[in-house]
Amino acid sequence: MKFETLAIHKGNLITDKNKPVVQPITLSTTFEHGNEGGVLYTRANNPNRMALEELISVLEKGEDAAAFSSGNAAGTAVFQALEPGSHIVAPDDMYHGLHNSMTILFKGIHEVSFVDMSDLEKVKSAIRPNTRLIWVETPSNPLLKVTDIRAISALAKAQQAILVCDNTFATPVFQNPILLGADIVMHSSTKYFGGHSDILGGALVTKKRDAFWEKVRTVQKVGGAVPAPLDCYLLTRSIRTLAYRMKGHAEHAMILAEFLLSHPRVERVYYPGLKSHPGHQIAAGQMSGFGGIVSFTVKGDASTAEKVVSKLHLFANATSLGGVESLIERRAAVEGPDTKTPQNLLRVSVGLEHTDDLLKDMNQALG
């Protein structure tokens, strides 16, 4: 079946004897012993979570998936499953939440080298004898750098390291990292999977159920950072429209990117769909669409960028992304003093409002 069909039907796990068309929400925290599904306690498993995990696994072409209470919890589970003393190669512009997880929670436990993942030679140079994990985020947040997943996969296999790809920006609608050589795919399901800025969640998908994956599953079960049944239900429901929402987000993002590219008040535009983007050719070879995030730098400093944001009416000045509404923020202000993001950079999560209205609003704000 095609993606759109799978998204609607694969996650619809019906356990009610009355056969409702839509799966029920199972709120019980405990279940009678000996039931057909083998469900015992909702921290370990739940029918709504089972449905969500099966759905995400199928869409990402993996053997299994594990749902978590947030994207950070999902990423942190991978780091927890590594043996102490492991070396990790990660992007120098990695999402700051997971960057903090590596540098704060696992300080003294793992070693990390942050490099430009779009430069294959720098990745090669960063690999050590004890490198056990290579983390890829493509397109990256917020600089929209593109990493060649196939090329990094070859390096990971030669090192016998695990390759994890954060696929949050692309979603399985536009990119399947497992088919490109990744071992595990990570998502902040808060973003496009949820799609309405009202659900917190994360997920991991594995290419195969191996020993490392069993460690990840143990972290999920014993650590207990799992989503509630209602959140799982809402995510499964939202994913039904994911393909159509992503097509709209990508279409609108391209229109905005091209508009910004020709605007005299804009210094630089970051969007892999633009032919001027340094990673465009690689992106075109591993993605079927370029996503809904556009970053750009205004001509001026941080205060200039803040003034642009303050004049906008349809773009909410808010963190996060992936909802139907357009959001914008000066990303460096959120990431803190150690950020590598330009101070005058604005990241836009392009929503599904009519593009005529979005462009008019952006034009008046830029002046």
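Trainee: Which residues make the nonpolar surface patch of about 270 Å²?

Mentor: Before we look, this is a predicted model: local features need pLDDT of at least 70 and side-chain atom pairs count only at pLDDT 80 or more, while totals for chains, interfaces and linings use all residues. Residues are numbered from 1 along each chain as its sequence is written, and side-chain values use heavy atoms, with hydrogens and water left out. A patch takes residues with over 30% relative accessible area and no salt bridge (a side-chain nitrogen of Lys or Arg within 4 Å of a carboxyl oxygen of Asp or Glu), joining like charges within 9 Å and nonpolar side chains (Val, Leu, Ile, Met, Phe, Trp, Tyr) within 5 Å; areas follow the Shrake-Rupley method with a 1.4 Å probe, and for residues only the protein chains shown count as cover. The patch you are asking about, of about 270 Å², is made by I25, L27 and L230.

Trainee: Is L27 buried or exposed, and what is its relative accessible area?

Mentor: L27 sits in the loop between helix 1 (3-9) and helix 2 (47-59); helices (H or I, at least four residues) and strands (E, at least two) are DSSP runs numbered from the N terminus. Buried means under 20% relative accessible area, exposed over 50%, and partly exposed in between (1.4 Å probe, protein chains only). L27 is therefore exposed, with a relative accessible area of 60%.

Trainee: Now to the lysine. Which UniProt annotation covers K191?

Mentor: You will find K191 in the loop between strand 6 (184-187) and strand 7 (202-206). UniProt positions are given in the numbering used here, feature names are shortened, and annotations may be inferred rather than shown by experiment. The entry is unreviewed, and its annotation for K191 reads "modified residue: N6-(pyridoxal phosphate)lysine".

Trainee: Why does K191 count as buried, and which side chain does K191 join in a polar contact?

Mentor: K191 counts as buried because its relative accessibility is 14%. Beyond residues up to four places away in sequence, K191 touches T168, S320, L321 and G322, where a contact means heavy atoms within 4.5 Å. A polar contact is a pair of N or O atoms within 3.5 Å; within protein, one must be able to donate a hydrogen and the other to accept it, and residues adjacent in sequence count only if both atoms are side-chain atoms. At 2.9 Å, the side chain of K191 makes such a contact with the side chain of S188.

Trainee: S320 was among those neighbours. What is the phi of S320?

Mentor: S320 belongs to the loop between strand 10 (316-317) and strand 11 (327-330), and it is partly exposed because its relative accessible area is 23%. Most residues other than glycine have a negative phi. S320 is not a glycine, yet its phi is positive, at about 85 degrees.

Trainee: And H187? Which side chain makes a polar contact with the side chain of H187?

Mentor: H187 lies in strand 6 and is buried, since its relative accessible area is 1%. Leaving out residues up to four places away, H187 touches several residues, including N167, T168, F193 and G202. At a distance of 2.7 Å, its side-chain partner is E60.

Trainee: Let's walk along the loop between strand 4 and helix 6. Where are P139 and P142, and which residues do cis peptide bonds join to them?

Mentor: Both P139 and P142 are found in the loop between strand 4 (131-137) and helix 6 (149-159). Most peptide bonds are trans. The bond into P139 is cis with omega near -10 degrees and comes from T138; the cis bond into P142, with omega about 10 degrees, comes from N141.

Trainee: Is L144 buried or exposed?

Mentor: L144 shares that loop between strand 4 and helix 6. Its phi is positive, near 55 degrees, though L144 is not a glycine. With a relative accessible area of 1%, L144 is therefore buried.

Trainee: Which residue caps the N-terminal end of helix 6?

Mentor: Start with the packing: the buried residues of helix 6, among them I149, I152 and L155, pack against helix 5 (120-126), strand 4, strand 5 (162-166) and helix 11 (280-286). Just after the helix, Q160 takes a positive phi of about 60 degrees. At the N-terminal end, a side-chain oxygen lies 3.2 Å from the backbone nitrogen of R150, and the capping residue is D148.
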